[in-house]
Amino acid sequence: AAASRVFAFRDARWAPDPVLEPGAAVRTPQPVPLVIDNGSFQTRAGWASPDPAVPAEPLLRFRSLAARSRGARGGAGAETQVGNDLGSPEPLRWLLRSPFDRNVPVQLELQELLFDHVFQRLGVASQGCVDHPIVLTEAVCNPLYSRQMMSELLFECYQVPKVSYGVDSLYSFYHNRRQNWPCSGLVISSGYQCTHILPVLEGRLDAKNCKRINLGGCQAAVYLQRLLQLKYPGHFAAITLSRMEEILHEHSYIAEDYIEELQKWRSPEYYENNMHKMQLPFSNKLLGSTLTSEEKQERRQQQLRRLQELNARRREEKLQLDQERLDRLLYVQELLEDGQMDQFHKALVELNMDSAEELQSYINKLSLSVEQTKQKILQAEVNIEVDVVDSKPETPDLDPLGSEQSLEDVESINEFEPLFAEEQPEAEKPVAAVQPVFNLAEYHQLFLGTERIRAPEIVFQPSLIGEDQAGIAETMQYVLERYPKEQQAILVQNVFLTGGNTMYPGLKARVQKELLEMRPFQSSFQVHLASSPVLDAWYGARDWAVEYMTREEGWITRKDYEEKGGEYLKEHCASNVYVPIRLPKQAPRTTEALAPSRALTSSTGNPSEQA
């Protein structure tokens, strides 16, 4: 049972997205809409067509990240990688950039890279433009400036014919509607960066009472990383954000009662039965691994060859320097022999010498040094094959010419003697395998106990990470209290959970428990979870695009963009509420208000005219 609870990290690498060839149904009889779920965690893109030949699922799914390398030394320019082309985010963690601030796109140059990747990989073949209508998701209550920049990018850069904006969680609500579902409800959308509480009345978003909590899956992953790095400081570098996201997705859950669940974890039996062990990668090789006598001999010979090559390079460099200086001194001596006394004395001053005798002494010493170095190099070339023995060589038996070379080699080897200390005593005896004093695999395991519930709990208790915000339950109660009791009863009949951060086991039961505590006695409510919390936003956008493909409702054409500006929005059942910018008009100045100032001006007049 204990072995069955040991889980290995997958550390899966992202496969690059292929370049797809769109079928004829995408182009005929007219270009079909292209649906892009532009999420802060992941971008999903695909076609919206009623034709069965067109897949009714997103063809591209990649992280909304881009990394620009600094270029190679060989003169190659900087390389930009997007989404799945990154392979793995951890080696490029400090180069990763996202176009999003929270859940609002603000870096439009990075957003353009994501769009380029989508259009290229989906095989958009039109020249100089994208002639497909675009259905794009945006944040709840998206700032007008962000929508303006997005419309400018799509219409000016890509020349799209028309575009429609919608809220991802409302598209998911739209996709999951059933025959007996009411048109009103309370949507709880929790994603990578934010959590939203959205009241929907009569099929339309009530934007005035929407609330946002600045917590999501990203903050939970960072919190879990800090918890485990404090618990296992020896594995600080191995506890990466990618692995924390894997733990959150596969090993975490929401406690129905957090305090009661912590009390359960205090029991040793409960801890042993519910604790998960995460296996970090490690190497079975030990520093004390045994080697045969032949392998030791080969390693020693290789080490000695490297030392000999190093000494040979040093001798050649020394010979070159000594030869250059000797040539310089001989040139000065020739000046003396030719009788050029002025230049000779000037050269002596430059060499910091006092007399010709001192010059001759230096010449003799350098000549001897050059000759000895040449002999050492010749001797080293003769003795290139060296027999290595375990015992140290006897220095008195060395020949005179090779004595200095051998002493240098021996001294260099002595520096590495601690590495071969185990080779000298009893080298011929078989050495038993070294057994570790502890289990290496167990040392590289992360024990997940209460961390399984602590990290996802922050959306209900933001104070766990020091955030001065209300949790989901408090925010939900605050939103409900802004309505009369009749509308409250209507909203709680359809509490809808969507978003990637709502996939924790136990979340639905926790929301039901919180509603039971805040609602009146014997009142009814219903909580529904999206069929696919991650992909339902794209499916809902596709359903809307297919239904409204031939209508004008909800579509912003290029004419609308040019006449009404980039922030303009056409509302539909899954869109934000359009609030145009209204600049206050300045009241015209009346004649009565202007009269005193004119009188004052005429009385004072121009000083030059009065003079």
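A residue counts as buried when its relative accessible area is under 20%. That cut-off is used throughout this report on a predicted model.

**Helix H10**

Helix H10 covers residues 356-382. Its 27 residues, at 1.5 Å a residue, should span 39 Å. The C-alpha atoms at its ends are 39 Å apart, which agrees with that expectation. Several residues of H10 are buried, among them Leu359, Ile363, Leu366 and Val370. The buried set also includes Ser369, Thr373, Lys376 and Gln379.

**Helix H6**

Helix H6 takes in residues 258-265. Which of its residues are buried? They are Tyr258, Glu261, Leu262 and Trp265. These residues cover an arc of only 100° around the axis, so they lie on the same side of H6. A general rule of helices fits here. An α-helix has 3.6 residues a turn, so residues three or four places apart point the same way. The cover over the buried residues of H6 includes helix H7 (268-274), strand E17 and helix H13 (451-454).

**A three-stranded sheet**

E17 also belongs to an open sheet of three strands. The order is E1-E16-E17, and the pairing is mixed. Strands E1 (6-8) and E17 (445-448) stand at the edges. Each has a single partner strand, so one side of each is left without a neighbour in the sheet. On average, neighbouring strands are turned by 30° against each other, direction ignored.

How do the strands pair? In general, strands of a sheet pair through backbone hydrogen bonds, either parallel or antiparallel. E1 and E16 (residues 276-279) run parallel and are joined by three bridges. E16 and E17 run antiparallel, with four bridges between them. The table gives some of the facing residues.

| Strand pair | Residue | Residue in the other strand |
|---|---|---|
| E1 and E16 | Val6 | Lys277 in E16 |
| E1 and E16 | Ala8 | Gln279 in E16 |
| E16 and E17 | His276 | Leu448 in E17 |

Is E16 covered on one face or both? Both faces are covered. His276 and Met278 are buried on one side, and Lys277 and Gln279 are buried on the other.

**Cysteines**

A disulfide is a covalent bond between the sulfur atoms of two cysteines. How many disulfides does the structure hold? The count is zero. Take Cys218, which is in no disulfide. Its nearest cysteine sulfur belongs to Cys194 and is 10.0 Å away. A disulfide needs the two sulfur atoms within 2.5 Å. Cys129 is partly exposed, with a relative accessible area of 25%.

Methods
Residues numbered from 1 in each chain as written. Predicted model: local features only at pLDDT ≥ 70, side-chain atom pairs only at ≥ 80, totals over all residues. Heavy atoms only, no water. Helix = DSSP H or I, 4+ residues; strand = E, 2+ residues; numbered from the N terminus. Expected span 1.5 Å × (residues − 1). Buried < 20%, exposed > 50% of the residue type's maximum accessible area, 1.4 Å probe, protein only. Pairing = 2+ DSSP bridges. Axes fitted to C-alpha atoms, helices over the stretch in contact; angles between N-to-C directions. Arc of directions from axis to C-beta. Contact = heavy atoms within 4.5 Å.
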